[in-house]
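Q: Hi, I'm new to this one and would love a quick tour. Could you pull it up so we can chat it through?

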Amino acid sequence: MRTFYPVIFGGVLILALGLIELLLLRTLNKSWWQKKVIRRLAWGLPLSGLVMIGLWALGEYYQLMWLAVVARLLIGLIILSELGLMLSLPISGILHWVDRLIDRFVRHRNVEDSHVDRRRRLFLKGAAAVVPLATLGITTGGTLHAFSPISIVRKPIGFTSLPQDLEGLKILQLSDLHLYHYVTLDDLRQVIASASEHKPDLILVTGDIADDLRLLPEALKMIDEMKPRLGCYASLGNHEYFRGVTEVRRIFDKSTLPLFVNEGLRIPVGGSQLFIGGIDDPRSMGAKDEAFFKRTIDQTLQSAQDEDFVILMSHRPDAFDYAAERSIPLTLAGHTHGGQVGVMGRSIFENYFPDRYLWGEYAQGESRLYTTCGAGHWFPFRLGCPTEAPIIELVSLQA
């Protein structure tokens, strides 16, 4: 039944957005609504979406992956198109209203319909049409961009008190692969091949690995076969719970890749000690659960020593506030996908949710956080926020 939750959610979303789109078109853009072809296109968007929902359900039920993949891709395009229209149709409505207002003023003043007036009307009508067309173009571009190769990006992060033995330590972070329809084992294999050229010392996997648990054993095997000198370790994400955490933990138990759930491991590096810890995921999708992060981080650090350089794996960047209180040098997180829309390495939603640490490097005192926008996605849309597998490099600011 878990498999069909996204199908049901997609159907409800398509229907709700479709009704809003129709309402906005009919009430705010009446001149367009009067055209039969536009009415048919407007109705066709949600109706075709519901047809795709049916095909997606059939593909999942009969294990016809090609059908499920195609249906989900088209559903993504339809949902994004509905969202784009929902945002752009009010703007078009305002332009239509301005055009009608000026037209009434001209008629009231008995001003002749001059060449300038005709150009004004053409401009307003053209602008009203361009806005929704532009959003549909952005939707298509963002969907195509979602299928670009996963980027290997190097992210040097500086520390004022970095032990000399950890200078230049390289950590490959894999997060939010969501292996299934849009990101495959072949994609993961390519990422591993590209990342291997950088010779990472450590691999940390911060949750949401596979949405098809049949792919998880092979994925863990592929990651662990990189054999970095300090090992590979993982933590849980919300999708591990969504897909069945009992089965996930059973798969990890059979693999050679350790899963940390409110626990960690001390690793000697030269004359220094590195502590790798991983906390559980709160599962809920609401506000920060500060009590949860306090409890899980405290439990994770029980086996850490004061002299250890601690790296904390938390699927959600929400843990950073308490991690900084505990003076944890480095927290690695994912989950947000960067909002899947970004500009210059930051989510466009950064200013609206500054305390959710959506994408990039963050600092509180001596503590640092890197939130990756993820190597994959369950919803195929990326705009200015490419999929990534960052290689974090520890750098001394006093070097």
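Q: What share of the contacts with a separation of 6 or more comes from residues 24 or more positions apart?
A: In this predicted model, such residues account for 74% of those contacts in the protein chain.

Q: And how many helices and strands are there?
A: The protein chain has 11 helices and 13 strands.

Q: How much of the chain is buried?
A: Of the 399 residues, 52% are buried.

Q: Let's talk helices. What angle do α6 and α7 cross at?
A: Their axes cross at roughly 10° and come within 10 Å. Helix α6 covers residues 185–196, and helix α7 covers residues 216–224.

Q: What do you call that arrangement of α6 and α7?
A: Roughly parallel, because the crossing angle is under 35 degrees.

Q: Which residues meet there, between α6 and α7?
A: From α6 you have Leu 185, Leu 188, Arg 189 and Ile 192. Glu 218, Ala 219, Met 222 and Ile 223 are their partners in α7.

Q: How do the residues of that contact divide into nonpolar, polar and charged?
A: The contact of α6 with α7 has 6 nonpolar residues and 2 charged ones, with no polar residues.

Q: Switching to rings: how many aromatic pairs are there in the whole structure?
A: A search finds 6. One of the pairs is Tyr 61 with Tyr 62, which is edge-to-face. Their ring centres are 4.9 Å apart, with 85° between the planes.

Q: Are those two tyrosines, Tyr 61 and Tyr 62, buried or exposed?
A: Tyr 61 is exposed, at 56% relative accessible area. Tyr 62 is exposed too, at 54%.

Q: What about Phe 159 and Phe 309, how do they pair?
A: Phe 159 and Phe 309 are edge-to-face as well, at 5.3 Å centre to centre and 85° between the planes. This pair links distant parts of the chain, with the two positions 150 residues apart. Phe 159 is in strand β1 (residues 151–159), while Phe 309 is in strand β7 (residues 309–313).

Q: Buried or exposed, for Phe 159 and Phe 309?
A: Both Phe 159 and Phe 309 are buried.

Q: Which residues form an aromatic cluster?
A: Phe 320, Tyr 357 and Tyr 362 form one.

Q: What sits over the ring of Tyr 362?
A: That's the charged end of Arg 346, placed 4.4 Å from the centre of the Tyr 362 ring.

Note on methods:
Residues are numbered from 1 along each chain as its sequence is written. This is a predicted model: local features need pLDDT of at least 70, side-chain atom pairs count only at pLDDT 80 or more; totals for chains, interfaces and linings use all residues. Side-chain values use heavy atoms; hydrogens and water are left out. Axes are lines fitted to C-alpha atoms, for helices over the stretch in contact, and angles run from 0 to 180 degrees between N-to-C directions. Helices (H or I, at least four residues) and strands (E, at least two) are DSSP runs, numbered from the N terminus. Angles under 35 degrees count as roughly parallel, over 145 as roughly antiparallel, 65 to 115 as roughly perpendicular and the rest as oblique. Contact means heavy atoms within 4.5 Å. Ala, Val, Leu, Ile, Met, Phe, Trp, Tyr, Cys and Pro count as nonpolar, Asp, Glu, Lys and Arg as charged, and the others, Gly among them, as polar. Rings of Phe, Tyr and Trp (its six-membered ring) pair if their centres lie within 6.5 Å; planes under 30 degrees apart count as stacked, over 60 as edge-to-face and the rest as tilted. Buried means under 20% relative accessible area, exposed over 50%, partly exposed in between (1.4 Å probe, protein chains only). A charge sits over a ring if NZ of Lys or CZ of Arg is within 6 Å of the ring centre and within 35 degrees of the ring normal.
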